[in-house]
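User: I would like to go through this structure term by term. For each label, tell me what justifies it.

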Amino acid sequence: MQKLKSQNLGNLSESSLKTLAQNRITTILDFLEEDVSKLSALTKLSLPQILAIRNEIFTKYSAPLINGTDLFTKVFKTRSRISTGIESLDVVTTGGIPVRCITEICGLAESGKTQLSFQLAINCVKDEGCTVLYVDTKGDFSAVRVQKMLDTQGYSHKDMASIMYKIRVVHIWTMEELVELFKSLKNKTLIIENLAMIIVDSLPCLMFQHLGDDNKMGLSLLNVLVNYSRYIANEFDVAIIYINIQTRWIDNDISDIEDDGESTSAFRESTYIEKRNRCLGRYWEHIPTLVLLLEKHEDVYRESDSYTQIKVSVLSSNAVKNENSQCILKLSSVGIT
Amino acid sequence: MKTFKISNATELWQRETSLPAVASFSQSLDNMLGTEGFQLGCITELLGLPGSGKTQLCLQLCASVQIPKELGGLNAEALYIDTNTNFTISRFREILSASLLKCQSILDKPLQITEEEALNKLHYVNAFGLEKFCAFMYRLSKFITEHPNVRLIAIDSIAFPFKDGISTNQRTGLLFRQMAELQKIAVQHQIAVVLSNEMSTRVGLQGGAVVGSLGDAWAHRCNVRILLSTPHPAQDQRERVALLMKSNVAATSVARFQDQRERVALLMKSNVAATSVARFQVRALS
């Protein structure tokens with residue numbers, strides 16, 4: 001809870017703050033909960049003055065009212081999507097990665113999540129000229145790979161350098177560090193000019209460190225992180241992408257083929273059902289506005305070009321549902337197209 | 001207030017290309033990795049059934065980290081963390097002297113190193129059991145500051161300490177904490193990390209029942225995963241097949257192979273490198 005002292009409230013003098021503190025009224029909440037006449041006696045202020053201070057606090061801390069026109073102008077003036085630079089992906093996501101929102105890319109291990117995030121970073125810098133912050137939590141950022149992707153696309157050394165200069169990478173190893181990073185972005189103690197996109201690869205790597213703890217530390221850190229992310233995304237018009245993973249469950253279902261009450265056990269056949277679920281738990285499930293699911297589809301091998309097909313499906317989105325919410329991407333040495 | 005070191009990709013590229021990767025003495029394996037060997041700063045996981053050559057490859061890498069600078073090597077030291085007592089010093093001595101001999105024959109002049117000095121460049125830790133393993137991992141950063149020339153850390157195997165006495169949730173939590181710490185050290189000091197892992201069976205999985213142990217979340221953690229196996233049918237007892245399952249660098253070899261049979265085309269044909277032939281041979285015959 002915020003301290004009274006730091007609030008700079010109109011009529012409260014230093015000496016009356018001291019008296020209040022002696023009477024154990026130190027935070028805003030204490031002040032609001034205290035009997036008005038007692039406060040008046042302590043601070044030697046009149047009742048209307050005390051009420052004025054209370055109102056001041058309420059207006060300062062209540063959620064602000066914005067009318068629809070203002071809200072629309074803000075959204076209208078700035079763009080609402082960042083193109084992914086991949087045509088088919090833009091179609092299924094109705095224009096690209098949503099700005100001021102949290103996006104999740106999930107998939108099993110080895111499904112091409114990191115490769116897609118490299119490509120998104122490159123395309124964002126290349127097409128929009130903005131800066132991208134890549135938060136690397138498992139040492140997966142490979143500048144060599146990014147350089148190779150640009151090289152096969154036929155960029156000159158100068159262009160490559162200027163594109164790569166705008167991809168900023170920070171290594172983060174714990175959840176606490178990540179929260180600290182977002183906090184300093186929020187407080188503007190860390191300023192990255194022209195920032196358009198933040199990619200966190202990957203969140204489970206940090207969250208899993210808290211697995212098996214009895215306390216709920218991990219969850220509370222995740223909550224703080226989400227709040228900061230939302231604030232940053234809105235305040236600085238940034239798109240935030242989190243990489244999540246999937247794990248597989250196996251259910252052993254017993255299905256009765258012939259259930260006539262007599263010979264059930266003889267005809268029982270056990271089937272295994274593979275289930276996949278997104279990690280990070282129930283709380284996280286509803287946080288991202290756009291969820292993209294990646295699946296390794298098929299490896300294609302030809303003499304001329306060989307590539308892996310990756311199936312992308314939109315699991316949930318804030319935009320109107322498209323008719324088809326799936327597309328196939330091509331992962332090759334050029335990158336993802 | 002903590003300050004964060006934010007570097008741009010150009011700086012990272014310079015750093016990544018400033019030092020060579022740890023070559024394995026098998027050209028096809030190095031080519032497959034796309035980085036001419038095991039990249040510094042990355043965690044590489046070796047998967048495979050017993051006898052597929054995981055330990056042998058670990059030992060080989062501990063020897064190849066010593067390749068002199070003239071030959072584009074690192075001339076560095078290695079740390080071998082043994083958790084399943086698979087390590088035998090006589091095997092390592094064989095591999096080491098074979099590797100050094102090969103270097104000599106390429107350089108065409110005697111190396112300025114005695115066998116004793118070369119053996120001194122291997123730091124061996126027997127971390128048997130969960131407590132010992134965790135205790136050593138805790139002290140690892142101190143060890144690395146004391147031995148700044150270590151460029152390779154091999155853990156054989158990562159799954160062994162976690163086989164007993166720990167719940168699955170706790171295991172994942174602990175593993176991820178340790179790996180974050182390990183990779184932090186690896187990235188800061190530019191060290192290649194190689195882990196070996198066993199296979200386990202999960203009945204009812206779509207893509208085949210035999211998968212790497214430690215679960216799906218773990219599969220996500222390592223930067224590079226290589227599956228080692230003995231080819232079927234084996235024409236040569238000494239031959240092992242390596243399949244690149246996941247990589248953050250080489251997208252091409254993820255894509256190049258249509259099915260399992262053609263993937264075999266990407267063989268780690270041991271006969272390419274004289275040294276590794278011997279290594280795999282003895283293992284196969286014993």
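Analyst: This is a predicted model, and the labels below are each set against their cut-offs.

User: Start with the two chains. How many residues of chain A and of chain B are in contact?

Analyst: On chain A, 61 residues are in contact, and on chain B, 51 residues. Contact here requires heavy atoms within 4.5 Å. The area buried between chain A and chain B is about 5,000 Å². Carbon and sulfur atoms give 60% of that area.

User: What makes the pair B:Arg225 and A:Glu110 a salt bridge?

Analyst: The closest N and O atoms are 2.9 Å apart. The cut-off is 4 Å, between a side-chain nitrogen of Lys or Arg and a carboxyl oxygen of Asp or Glu. B:Arg225 and A:Glu110 therefore qualify. The count between chain A and chain B is 2 salt bridges. Polar contacts add to the picture: 14 residue pairs between the chains are in polar contact, both residues at pLDDT 80 or more. On the chain A side, the largest share, 6 residues, comes from strand S7 (residues 239-256). The residues of that side divide into 29 nonpolar, 17 polar and 15 charged.

User: Which other residue meets B:Arg225 in a salt bridge?

Analyst: B:Glu45 does, with N to O at 2.8 Å. B:Glu45 lies in strand S2 (residues 43-48) of chain B and B:Arg225 in strand S9 (residues 224-229) of chain B, so the pair ties together parts that are 180 residues apart in sequence.

User: Why are B:Glu45 and B:Arg225 called buried?

Analyst: Buried means under 20% relative accessible area. B:Glu45 has 0%, so the label holds. B:Arg225 has 4%, so the label holds there too.

User: Why is A:Glu110 called partly exposed?

Analyst: Its relative accessible area is 23%. Partly exposed covers what lies between under 20% and over 50%, so A:Glu110 falls in that class. A:Glu110 sits in the loop between strand S3 (102-107) and helix H7 (113-128) of chain A. Phi of A:Glu110 is near 70 degrees, a positive value in a residue other than glycine.

User: Where is B:Thr85, and what makes B:Thr85 partly exposed?

Analyst: B:Thr85 is in the loop between strand S3 (77-82) and helix H4 (89-107) of chain B. The relative accessible area of B:Thr85 is 46%. Exposed would need over 50%, and buried under 20%, so B:Thr85 is partly exposed. Phi of B:Thr85 is near 55 degrees, also a positive value in a residue other than glycine.

User: How many salt bridges does the whole structure have?

Analyst: The search finds 13 over all chains. One of them joins A:Arg100 and A:Asp237, with the closest N and O atoms 2.9 Å apart. A:Arg100 lies in the loop between strand S2 (97-98) and S3 of chain A, and A:Asp237 in the loop between helix H12 (217-235) and S7 of chain A, so the pair ties together parts that are 137 residues apart in sequence. A:Arg100 has a relative accessible area of 14%, which is under 20%, so A:Arg100 is buried.

User: What makes B:Arg93 and B:Glu115 a salt bridge?

Analyst: Their side chains meet at 2.8 Å, N to O. The limit is 4 Å, so the pair counts. B:Arg93 is at 44% relative accessibility and counts as partly exposed. B:Glu115, at 36%, is also partly exposed. In a further case, salt bridges that share partners join A:Glu110, B:Glu45 and B:Arg225 into one network.

User: How do you know that strand S5 of chain A and strand S1 of chain B are paired?

Analyst: Pairing needs at least two bridges. Strand S5 (residues 167-171) of chain A and strand S1 (residues 6-8) of chain B have 3, so they pair. The two strands run antiparallel. A:Arg168 stands opposite B:Asn8.

User: What joins strand S9 to strand S10 in chain A?

Analyst: Strand S9 (residues 290-301) and strand S10 (residues 306-316) pair in the antiparallel sense over 10 bridges. A:Leu292 has A:Val314 as its bridge partner. Strand S10 is also joined to strand S11 (residues 326-332) of chain A, by 6 bridges, again antiparallel.

User: Which residues does the cis peptide bond in chain A join?

Analyst: A:Asp201 and A:Ser202, with omega about -5 degrees. In chain B, a cis peptide bond joins B:Asp156 and B:Ser157, with omega about -5 degrees.

Conventions:
Residues are numbered from 1 along each chain as its sequence is written. Chains are lettered from A and ligands numbered from 1 in the order in which they are written. Side-chain values use heavy atoms; hydrogens and water are left out. Buried area is the accessible area (1.4 Å probe) that two parts lose on being put together, summed over both. A polar contact is a pair of N or O atoms within 3.5 Å; within protein, one must be able to donate a hydrogen and the other to accept it, and residues adjacent in sequence count only if both atoms are side-chain atoms. Helices (H or I, at least four residues) and strands (E, at least two) are DSSP runs, numbered from the N terminus. Ala, Val, Leu, Ile, Met, Phe, Trp, Tyr, Cys and Pro count as nonpolar, Asp, Glu, Lys and Arg as charged, and the others, Gly among them, as polar. Buried means under 20% relative accessible area, exposed over 50%, partly exposed in between (1.4 Å probe, protein chains only).
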